[in-house]
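Welcome! Please have a look at the sequence and the model below, and then we can walk through some of the features together.

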Amino acid sequence: MATAGPCNTIGKSKEAEIKRINKELANIRSKFKGDKALDGYSKKKYVCKLLFIFLLGHDIDFGHMEAVNLLSSNKYTEKQIGYLFISVLVNSNSELIRLINNAIKNDLASRNPTFMCLALHCIANVGSREMGEAFAADIPRILVAGDSMDSVKQSAALCLLRLYKASPDLVPMGEWTARVVHLLNDQHMGVVTAAVSLITCLCKKNPDDFKTCISLAVSRLSRIVSSASTDLQDYTYYFVPAPWLSVKLLRLLQCYPPPEDAAVKGRLVECLETVLNKAQEPPKSKKVQHSNAKNAILFETISLIIHYDSEPNLLVRACNQLGQFLQHRETNLRYLALESMCTLASSEFSHEAVKTHIDTVINALKTERDVSVRQRAADLLYAMCDRSNAKQIVSEMLRYLETADYAIREEIVLKVAILAEKYAVDYSWYVDTILNLIRIAGDYVSEEVWYRVLQIVTNRDDVQGYAAKTVFEALQAPACHENMVKVGGYILGEFGNLIAGDPRSSPPVQFSLLHSKFHLCSVATRALLLSTYIKFINLFPETKATIQGVLRAGSQLRNADVELQQRAVEYLTLSSVASTDVLATVLEEMPPFPERESSILAKLKRKKGPGAASALDDGRRDASSNDINGGVEPTPSTVSTPSPSADLLGLRAAPPPAAPQAPAGAGNLLVDVSSDGPVAQPGLGPTPEEAFLSELEPPAPESPMALLADPAPAADPGPEDFGSPIPEADELLNKFVCKNNGVLFENQLLQIGVKSEFRQNLGRMYLFYGNKTSVQFQSFTPTVVHPGDLQTQLAVQTKRVAAQVDGGAQVQQVLNIECLRDFLTPPLLSVRFRYGGAPQSLTLKLPVTINKFFQPTEMAAQDFFQRWKQLSLPQQEAQKIFKATHPMDAEVTKAKLLGFGSALLDNVDPNPENFVGAGIIQTKALQVGCLLRLEPNAQAQMYRLTLRTSKESVSRHLCELLAQQF
């Protein structure tokens, strides 16, 4: 045997294997270089050994020429080994490719079917564009030639299919189209099978060119379906005639609408009925292969029936057939039956037939052991739901939700919320359903769901009192989810007066109930509750003293979170200074929200993917079902902004670190630097949370013309004119790498706050300078400085500020920023002023880092790994292994990565503990793609961070920036 030598040592030990392999390679090299010419057998033997050694994982750097020489042999075994070696080891850039192409051309022209097949197999295995350019014109000619052998036609069809998939533009089929379609009538079933695969691929791009294949495919399918298992003995698989060809023909027909020719359509309907009839016959074999082949044809037939959606009788029969599989002992069959019935449920002809199986589907939801089957059962319940069974289905899905797998809970929550809204017969049932959702699976109730119930309650006067009463009772539970607190805070703040007449829900009781949850909630929820408290002062004046005491408490006025501190100060001042009329105007009830598409439905469509839109919309079968309130989105609150003197920083609440994709209905915080104000993203509006929390905007920025009318000095002073940054400048900058809002600097005299917003390569930053003293600042001059050549990389346009800042007052400076090229060092901010006659100055690093211009990018796992391999040059990768300096919390890590700007990709890394992200650095000059992977090791308290970008300096800089956050 040719490989007996190496085989003797394989598996004994790695060292012995390497030693034996090296010895064998040296021997083969000496034989190839020796003076004595090798005969064909010896050459084949040594080439085969080289191939075997390569397959063991060792590099082969010689022997290619000997393999090419084997291609010219007239012996099949020698030529076969040559082609095998070429297919595995030679790439398209090899210098030998011309010799290889010549050998292939000779074999294709030889008319020897064996040699022609070997050549075609090699072309398909290599499949490169160079091969396509060399042979794309020859292969169609071989395929349709009258004297080509059947085996050659098969190989030619599959080879052409491989080249077409790799390079569609290289396969011109114009003159060959009709003759390729005619292959469906070939006497050889193997040729027909290969031709169907080729035509199915070609017709997806040019359906009109191959439309004539419909009648031929129906004719061929009819002959197969009507034949007995003995008629096609060579192509009968466990008593099923030509199952693979039948499936391929059915898939080909799904590329086109129903046949227009009545005779062809009638013949096709007969075929489909025959397949359904055969499914009812007793099996001819107990072998699993028989049932698999039979069911494969049946499910493809049902797919074609669903695709046509024009034969009511066939649709109902298909539904009944699938119903029999719902209780089959085979898990795969139950899964496929549920999946197919989901599609049938959207047809007006078969929807009622699907509904008859509701009890079986509900039982599957309760008893199935396989989570994927349970998920399909939930999908089918969602698809078959209408007004007649909505309460039953929603009730069962809520019951299932209590024990559902964590992986599908969010999807179940979305579906229950949509069904409750779409088919609600009364609004009290809808409110009860959503509150039950929050109680059962609060962690999986996304913002869209509880935003939606707030929208509907706000827009419906008849449900507001019931909603207030119900949420008040829900809040009395000892363990109450934070989403329930948010909903309760909003509804009681707006409509608590409707239940205040009952002593059990009097204003003091409402306030005490909400405030008892305050210390358990996150910052965002606390901010919402503070807004509820100020609303209570307007609704219930008797609670004013109690609430002012809470706002005046040191834990609020000196809160470490700037947003909570600001709200407490401003709401306390507002309640103390404003008259009753002014307070009533500022804190009036929220207006109805404008009607828009339900953001919950939009989120479910995104979650299920683009192909699920038709099944989710489901509009054909129930045109009378309208969303409650028609689908609405919230509008901003009417709370006014207090005077700047009462608001030292004027910062809006910092949102959670930038989410990978803003949820539908989420507020758009980005400000386009070329516009006069915030620009709403299409299809998105402010959320009820934003509206109700009354997030206070900074004073409206001036227009670009106003900025240009009074520009900063044209000459950019050098950093040496302002001294070095303060010692803690790097530490302060590091705090803003993953966030945009907060306090940049503070001492006993001055407080500097930052609110920044970025989109692509543009940004706008608001700097708030607060005078903490009672003495006026004189000659107040903040200046942005570009160190080094930063001015060619980052353009910063500033607006002058007033030279005097009164004691206790605040001034705002607007900066328009444009990233021209990637940069490493941030700009400097120098602040100079006179305090009590003494000059004061400090220099900080402005929180503008390259990751601020990150554009999150979603991609599938396959695309990620393909791009990761493309960025494989050593200079494109930056890696750092470092000790954790903060507690290793997965949620905190996720929030920091999102705040850093990249999109987090789920189900990409095989290790679920790792984090994978992707994004694009947007600059005016170029875009830099970035992939990152963070591997935490909780046991060792270590991280390994790997970044790959298309630019070396960006990789290193991003790696350093991000590593400092952990």
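## A pair of strands

Leu762 has Glu818, in strand 8, as its bridge partner. Helices (DSSP runs of H or I, at least four residues) and strands (E, at least two) are numbered from the N terminus. Strand 5 (residues 762-771) and strand 8 (residues 810-819) are joined by nine bridges in the antiparallel sense; two strands count as paired if DSSP finds at least two bridges between them.

This is a predicted model, in which local features need pLDDT of at least 70 and side-chain atom pairs count only at pLDDT 80 or more, while totals for chains, interfaces and linings use all residues. Residues are numbered from 1 along each chain as its sequence is written, and side-chain values use heavy atoms, with hydrogens and water left out.

## The five-stranded sheet

Strands 5 and 8 belong to an open sheet of five strands, ordered 3-4-5-8-7 with antiparallel pairing. Strand 3 (741-746) and strand 7 (794-798) are at the edges with a single partner strand each, so one side of each has no neighbour in the sheet. On average, neighbouring strands here are turned by 25° against each other, direction ignored. Such angles are taken between axes, lines fitted to C-alpha atoms (for helices over the stretch in contact), and run from 0 to 180 degrees between N-to-C directions.

## The three-stranded sheet

Another open sheet has three strands in the order 6-9-10, again with antiparallel pairing. Its edges are strand 6 (777-785) and strand 10 (838-845), each pairing on one side only. Neighbouring strands in this sheet are turned by 10° on average, direction ignored.

Strand 6 runs antiparallel to strand 9 (residues 828-835), and seven bridges join them. Here Pro782 stands opposite Val831 of strand 9.

## Two helices side by side

How do helix 29 and helix 32 lie relative to each other, roughly parallel or roughly antiparallel? The axes of helix 29 (residues 523-539) and helix 32 (residues 562-577) come within 10 Å and cross at roughly 5°. The two helices are therefore roughly parallel, a term for angles under 35 degrees.

Residues of helix 29 in the contact (heavy atoms within 4.5 Å) include Val523 and Leu530, and those of helix 32 include Leu564 and Tyr571.

## Confidence

The chain averages a pLDDT of 81, and 85% of the residues score at least 70; pLDDT is the predictor's confidence in each residue, from 0 to 100. Among the elements, helix 14 (residues 243-253) has the highest mean, 93, and helix 37 (residues 704-709) the lowest, 31.

Conventions:
Angles under 35 degrees count as roughly parallel, over 145 as roughly antiparallel, 65 to 115 as roughly perpendicular and the rest as oblique.
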